[in-house]
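Biologist: Could you take one part of this protein and walk me through it slowly? I'd like to know what touches what, and how far I can trust the picture.

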Amino acid sequence: MALRLYNTMSSQVEEFRPLRDNEVRMYACGPTVYDYGHIGNFRTFLAVDMLQRFLRQSGYKVRFVMNITDLDDKIIRNAARDGVSVQQYTAKYQQAFLEDSAMIGIEQPRLVRATEHIPQMAEFVSKLIEKNAAYRADDGSYYFRIASFPRYGKLSKKDFSEMRDGTRVDVDEYDKDSARDFALWKAPKAGEASWETPIGPGRPGWHLECSVMSMEELGESFDLHAGGEDLIFPHHENEIAQSESVTGKTFARFWFHVRFLLVEGEKMSKSLGNFYTLRDLVLMGHKPSSIRYLLASVPYRNQLNFTFDGLKQAAVSVERLRTFRQRLSEGKFPVGSTSWMAELAEETVARMKAALEDDLNAAEAQAAIFDMIRKSNTALDASQVRRDDIRPLLTALEKFDEIFAVLNDDDLPKTRAILEWALIEGRGDEIGPELRKLSHGARLTLGEIIQKNKEIENARQTRNFKASDELRAELTAADVVVKNTKDGLRWDARYMTKLTPLGPVAIKLNQSEVHAPDHDTWGVVTCESCGEKFALGPNRIYGSRSTEAECVKQLEDILKTDHQHNRPHANSYELEGGHEIPR
C-alpha cells in the first residue's frame with residue numbers, strides 16, 4: 001500500500017507520489033516570531049515533523065524547508081512600539097522557537113527567513129507587474145489584481161467572481177468576506193522598518209514572502225505545502241494566485257493542513273485563561289515527552305481535545321514504552337526463539353506502516369505498538385521469551401520511535417533548561433511544585449558538583465558555550481548556583497542552606513543591542529579590554545542589597561579577571577549583593 005494523504009486542493013484522500021522519483025520537496029509555513037509559540041502552533045509543526053519522518057522511513061529523500069516569518073504587521077508594530085529594530089525584536093522569539101522545537105523532538109528543517117530575501121521579493125513583484133497581475137497604488141504600495149487570476153478561490157472553495165475589481169485590503173490577515181486585491185508590497189510608514197529596492201522603498205506583504213522563498217528553495221512546482229488550517233485562506237490562497245501568475249505552473253501538488261485543537265473542550269484563548277505555550281506546561285511539571293506524545297496521538301485532520309488528564313495519560317504511555325524497552329534490553333533470557341514472538345513483531349511493524357500510510361493515522365500506529373507490548377509482557381511474565389526474540393521486538397520499537405520520538409529519556413535536562421530560563425526571565429514564581437520536585441530530586445554529590453564545575457571551566461576556555469550553558473543548567477536545576485567571580489568560578493548548593501541567593505545580574509549584549517530584552521537595567525558596562533557590553537541591573541523580583549556603583553565595580557573586576565586568565569566572557573554573571581529569600 002502506498003502513502004495516501006488528504007489533499008485540501010481536491011478535498012480527497014489521494015495517493016501521494018512525488019514529481020521526482022524518490023525525492024520529496026516539501027515546504028511548511030513556520031512561526032511568526034512575535035511571541036512564544038503556543039501548543040496549537042506546535043501541534044501543526046509536530047504533524048509536519050511526523051510526515052517528513054515517515055517519508056524518510058519509507059525510503060524517500062526529503063528536502064524539507066520551513067520559513068520563519070520575521071517580518072509582518074504584528075512584528076513591525078511591536079518593534080516600533082518597543083523602539084527596537086525588527087531583527088532585535090524577533091531574535092529572542094526565533095531562538096525560543098528553535099529551543100521549543102528541539103524540546104519536543106522536532107527535527108530542524110532547512111529554515112529560511114523573510115528578511116534575508118527582500119531583493120528577491122521586490123523582483124517577484126516586478127514580474128507580476130509585467131504580467132499585468134499587479135499594480136502600484138498612489139502611496140507606493142503594490143497590490144495583486146485578483147481579477148487577473150480566474151481560478152482564485154480554488155483552494156478555499158469560495159467563489160470570488162462577483163468581487164469588484166480594484167477594491168483593496170492592506171492587512172495581512174482577513175476573512176473570506178473581506179477578500180480584495182491584497183498587498184504584495186507595502187509603502188513605508190513613519191517609524192516602521194522598510195527597505196530600498198528597485199520598485200521603491202517599503203517592505204513585502206506576508207503572502208509574498210512564502211511564494212518567493214519556497215520557489216527559490218524547491219523550484220517553481222514542488223510536491224507538498226503544509227500549514228495549519230487557519231492558513232488556507234487568505235495566506236495559501238494568495239500564495240497560489242501570485243505564484244501561478246508568474247510561472248503558469250501548478251505551485252504545489254498536495255496541500256496538507258492540520259486541524260485546530262481545543263483545550264479542555266473549549267477554543268484556546270487568552271481571555272478564557274486556557275492559552276498555553278510549551279514552556280507553560282513544563283513549568284507546571286509536565287515532561288516534554290508527554291507533550292509530544294499527546295500532540296501526536298490524534299490524527300492531524302481530527303480535532304485534538306488537549307486535556308490535562310490526557311497529558312497525564314500520555315506520561316503513563318511514554319513510561320510504558322520506556323519500561324518495556326528496558327525490560328527487553330536488561331533482561332536475561334534463555335537461548336532460542338519463540339516463533340510467534342517474531343511474527344508478532346513483524347505484524348506490528350506492518351500494522352504501524354499501514355496506519356501511517358492511511359493519511360498518517362497516528363492513533364492506529366500507537367494502538368499497534370501497545371498491542372505488541374501487552375502481548376509481549378504477558379509472555380515475559382510467563383518466561384516464554386527467548387534470547388532471539390528480543391531483536392525483532394526492539395526493532396519494532398525502533399520503527400515506532402523513528403516517528404514518535406519519545407523513547408529517549410532526556411526529559412530531565414530539557415526541564416532543567418526551562419527551569420533556568422524561568423529564573424533568568426524573572427518567572428520563578430510560575431515554577432510549579434511538580435517541576436520543583438523533579439529538580440530537587442536530581443541531587444548531586446559533592447564530587448559531581450566539583451567535576452561539573454571543572455567541565456564548565458574547560459568548556460568556557462575552549463569557547464564551547466553551548467556545553468557550558470548546558471552544564472550550568474544541570475547545576476541550576478539541582479539547586480547549585482554557579483557564579484563567575486574575580487577568583488574564578490564559585491558555586492553554592494542552595495539545598496544545603498535552604499536559602500536562595502538572588503543577586504544583581506549582568507547580561508551580555510549582542511553588537512546591535514542597546515538594552516537587555518525583558519530586563520530592567522541600571523545601565524550598560526563596557527569591558528575596557530575587548531569592548532563587549534553588558535546590561536547591568538538588579539534582580540527583577542527582589543532588587544539588590546548592593547548599590548549600582550558597587551555592582552559596576554564587581555563586574556569590571558570580573559571582566560578584567562577573565563582577560564587575565566585568557567578566558568572568554570560568560571553570557572551572564574550573577575553578582576554578589578542579592579537578598580537571601582527563605583524557601
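Modeller: Here is a close look at one pair of helices, followed by a few other spots and a word on confidence.

Keep in mind that this is a predicted model. The pair I'd pick is helix H10, residues 339–357, and helix H12, residues 390–404; their axes come within 8 Å and cross at roughly 15°. Anything under 35 degrees counts as roughly parallel, and H10 and H12 are therefore roughly parallel to each other. As for handedness, H10 goes past H12 in a left-handed crossing. On the H10 side, the contact is made by Met-341, Ala-342, Ala-345, Val-349, Met-352 and Leu-356. H12 answers with Pro-392, Leu-393, Ala-396, Lys-399, Phe-400 and Ile-403. Sort those by class and you get 11 nonpolar residues, no polar ones and one charged. Lysine is in the charged class, so the charged residue in this contact is Lys-399 of H12.

Now for helix H6, which spans residues 232–247 and holds Gln-242. That glutamine has a relative accessible area of 0%, and under 20% counts as buried, so Gln-242 is buried. Who's around it? Skipping neighbours within four places in sequence, Gln-242 is in contact with Phe-124, Leu-128, Phe-144, Phe-182, Leu-184, His-207, Leu-208 and Ser-211. H6 also contains Pro-234, and the peptide bond joining Phe-233 to Pro-234 is cis, with omega about 5°.

Helix H8, residues 288–295, is mostly covered, with eight of its eight residues buried. Arg-292 and Tyr-293 are among those buried residues, and so are Ser-289 and Ser-290.

Two loop residues have backbone angles you may want to look at. Asn-132 is not a glycine, yet its phi is positive, near 60°; you'll find Asn-132 in the loop between helix H4 (118–130) and strand S6 (134–136). Lys-157 is another non-glycine with a positive phi, about 60°, and sits in the loop between strand S7 (142–144) and strand S8 (168–169). With a relative accessibility of 46%, Lys-157 counts as partly exposed.

On trust: the average pLDDT is 87, and 87% of the residues score at least 70. Two stretches call for caution. Residues 494–502 stay under 50, though the model gives them 33 contacts beyond four places in sequence. Residues 511–519 are also below 50, with 20 contacts beyond near neighbours in sequence. Where pLDDT is low, the predicted coordinates shouldn't be read in detail.

How values were computed:
Residues are numbered from 1 along each chain as its sequence is written. This is a predicted model: local features need pLDDT of at least 70, side-chain atom pairs count only at pLDDT 80 or more; totals for chains, interfaces and linings use all residues. Side-chain values use heavy atoms; hydrogens and water are left out. Axes are lines fitted to C-alpha atoms, for helices over the stretch in contact, and angles run from 0 to 180 degrees between N-to-C directions. Helices (H or I, at least four residues) and strands (E, at least two) are DSSP runs, numbered from the N terminus. Angles under 35 degrees count as roughly parallel, over 145 as roughly antiparallel, 65 to 115 as roughly perpendicular and the rest as oblique. A crossing is left-handed if the near helix is turned anticlockwise from the far one by less than a right angle, and right-handed if clockwise. Contact means heavy atoms within 4.5 Å. pLDDT is the predictor's confidence in each residue, from 0 to 100. Buried means under 20% relative accessible area, exposed over 50%, partly exposed in between (1.4 Å probe, protein chains only).
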